[in-house]
Amino acid sequence: MQVNILVIGRHTEIMEVILRLINGEPNWQAVGALADDKAIALFNEQLFDIVLIGGGVKDESVATLTNRFKAKNPLIKIIKHYGGGSGLLFNEIQDALS
Amino acid sequence: MQTIIHRANTRGHANHGWLDSNHTFSFAHYYDSTRVHFGMLRVLNDDVVDGGKGFAKHPHDNMEIISIPLSGDLEHKDSMGNTAVIKQNDIQILSAGTGIYHSEYNKNNDKKVNFLQIWVFPKVRDIKPRYDQKTFKPEDRVNKLQVVVSPSEGSEGVWINQDAWFSLGNLKKDFQTEYSFNLKGNGVYVFVLDGEVTIQDRKLTKRDGMGVWDIDSIGIKADADAQVLLMEVPMN
């Protein structure tokens, strides 16, 4: 089963690394958004299983995005990413899936 | 009081050829849902890196990353312009905050480097990244617990963006002491670097780990000459 992941962050290079790592895994597919507007547009266009919120996203943005996403899909899993790389990324997604 | 013990031989293991790593907690592709973290302590990796090899430039954000060399020398470079070599008795901390790049290489081509890589969740997300390292005198931890990481800038230990205190101790056989928590509600994770100790009546040997919480202090007894690392962290 394919897992679709929306990654939201503010750091261009870290975003590239995270997308490369996720998309390198079989059955995981990720797209990224560096701005809230883009994230909302993507969420409205595509079906996601997990939203991964990376560094630099302010609490107000997290609250707004969470409300928007939950209103559209109450079952969406929204998790915060820590570490900005491979160390915890796979664990965080595994945790969300389990 | 609550406790959890992770025996050395139950740790996750990954051998990448140039890197041989034992993971006390879930890390990278090692995932055990019962061993994800101890409070704010998220990663405790026991890494051995071949001569001249290392972790190429890679990014991090929002994590307090502490490196403790146990043998050999580790060369650090980061996007803030820091270049340094850390060795035994040094403690390095990288507050990744909003984002940094760094590399860590074995400085020597002819011998391995063994170091602990420890990640602690930050108290505050998205702080300005910072790097620090300090050298500590080993004689100041003989039958004593020497603070090497603390949340108080300018005091003993390298500063961490978390209500956490790390201490090292070289304890002689039969020495007993007590560790009192700095902050109510914190827990302490004891990692045995070498030797044998008894913590709250539980025997631990080399590379065993034990977490203790819901208590204000713990008793430590060296059953043989021992080196221990205590990591006091918030549990929530």
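Where is the place of B:L41? B:L41 sits in strand 4 of chain B, and this briefing starts from there. Please keep in mind that the model is predicted. From B:L41 we move to the sheets of chain B, then to the contact between the chains, and finally to a helix of chain A.

**B:L41 and its surroundings**

- B:L41 has 28 C-beta neighbours inside 10 Å, and because the cut-off for burial is 20 or more, B:L41 counts as buried.
- Leaving out residues up to four places away in sequence, B:L41 touches B:V120, B:Y189, B:M231 and B:V233.
- One of these partners, B:V233, is 192 residues from B:L41 in sequence, yet their C-alpha atoms are 6.6 Å apart in space.

**The seven-stranded sheet of chain B**

- Chain B has an open sheet of seven strands in the order 2-3-4-11-6-9-12, with antiparallel pairing.
- Strand 2 (12-15) and strand 12 (130-135) of chain B stand at the edges with a single partner strand each, so one side of each has no neighbour in the sheet.
- On average, and with direction ignored, neighbouring strands of this sheet are turned by 15 degrees against each other.
- Within the sheet, strand 4 of chain B runs antiparallel to strand 11 (residues 113-120) of chain B, and eight bridges join them.
- B:L44 has B:I118 in strand 11 of chain B as its bridge partner.

**Strand 10 of chain B**

- Side chains alternate along strand 10 (residues 100-106) of chain B: B:I100, B:H102, B:E104 and B:N106 point to one face and are buried, whereas B:Y101, B:S103 and B:Y105 point to the other and are not.
- Strand 5 of chain B is joined to strand 10 of chain B by five bridges, and the two run antiparallel.
- Here B:F55 stands opposite B:E104, a residue of the buried face.
- Strand 7 (residues 74-78) of chain B also pairs with strand 10 of chain B over five bridges in the antiparallel sense, with B:L74 as the bridge partner of B:N106.

**Strand 21 of chain B**

- Strand 21 (residues 217-222) of chain B alternates too: B:I218, B:I220 and B:A222 are buried on one face, while B:S217, B:G219 and B:K221 point to the other and are not buried.
- Strand 16 (residues 176-180) of chain B runs antiparallel to strand 21 of chain B, with five bridges joining them, and B:S180 stands opposite B:S217.
- Three bridges join strand 18 (residues 197-199) of chain B to strand 21 of chain B, again antiparallel, and B:I199 has B:I220 as its bridge partner.

**Where the chains touch**

- The contact takes 21 residues from chain B and 19 residues from chain A.
- On the chain B side, strand 4 (41-49) and strand 5 (54-60) are the elements that give two or more residues.
- Strand 5 of chain B provides the largest share of that side, three residues.
- By class, the chain B side has ten nonpolar, eight polar and three charged residues.

**Helix 1 of chain A**

- Helix 1 (residues 12-23) of chain A has twelve residues and reaches 16 Å from its first C-alpha to its last, close to the 16 Å expected at 1.5 Å a residue.
- Its buried residues include A:I14, A:M15, A:I18 and A:I22; they cover an arc of only 100 degrees around the axis, which puts them on the same side of the helix.
- The face turned away from that buried side carries the exposed residues A:T12, A:R20 and A:N23.
- The buried residues of helix 1 of chain A pack against strand 1 (3-8), strand 2 (28-33) and helix 4 (86-97) of chain A, together with strand 5 of chain B.

How values were computed: Residues numbered from 1 in each chain as written. Chains lettered and ligands numbered in written order. Predicted model: local features only at pLDDT ≥ 70, side-chain atom pairs only at ≥ 80, totals over all residues. Buried ≥ 20, exposed ≤ 12 C-beta atoms within 10 Å, placed from the backbone. Helix = DSSP H or I, 4+ residues; strand = E, 2+ residues; numbered from the N terminus. Pairing = 2+ DSSP bridges. Contact = placed C-beta atoms within 7 Å. Nonpolar A, V, L, I, M, F, W, Y, C, P; charged D, E, K, R; others polar. Axes fitted to C-alpha atoms, helices over the stretch in contact; angles between N-to-C directions. Expected span 1.5 Å × (residues − 1). Arc of directions from axis to C-beta.
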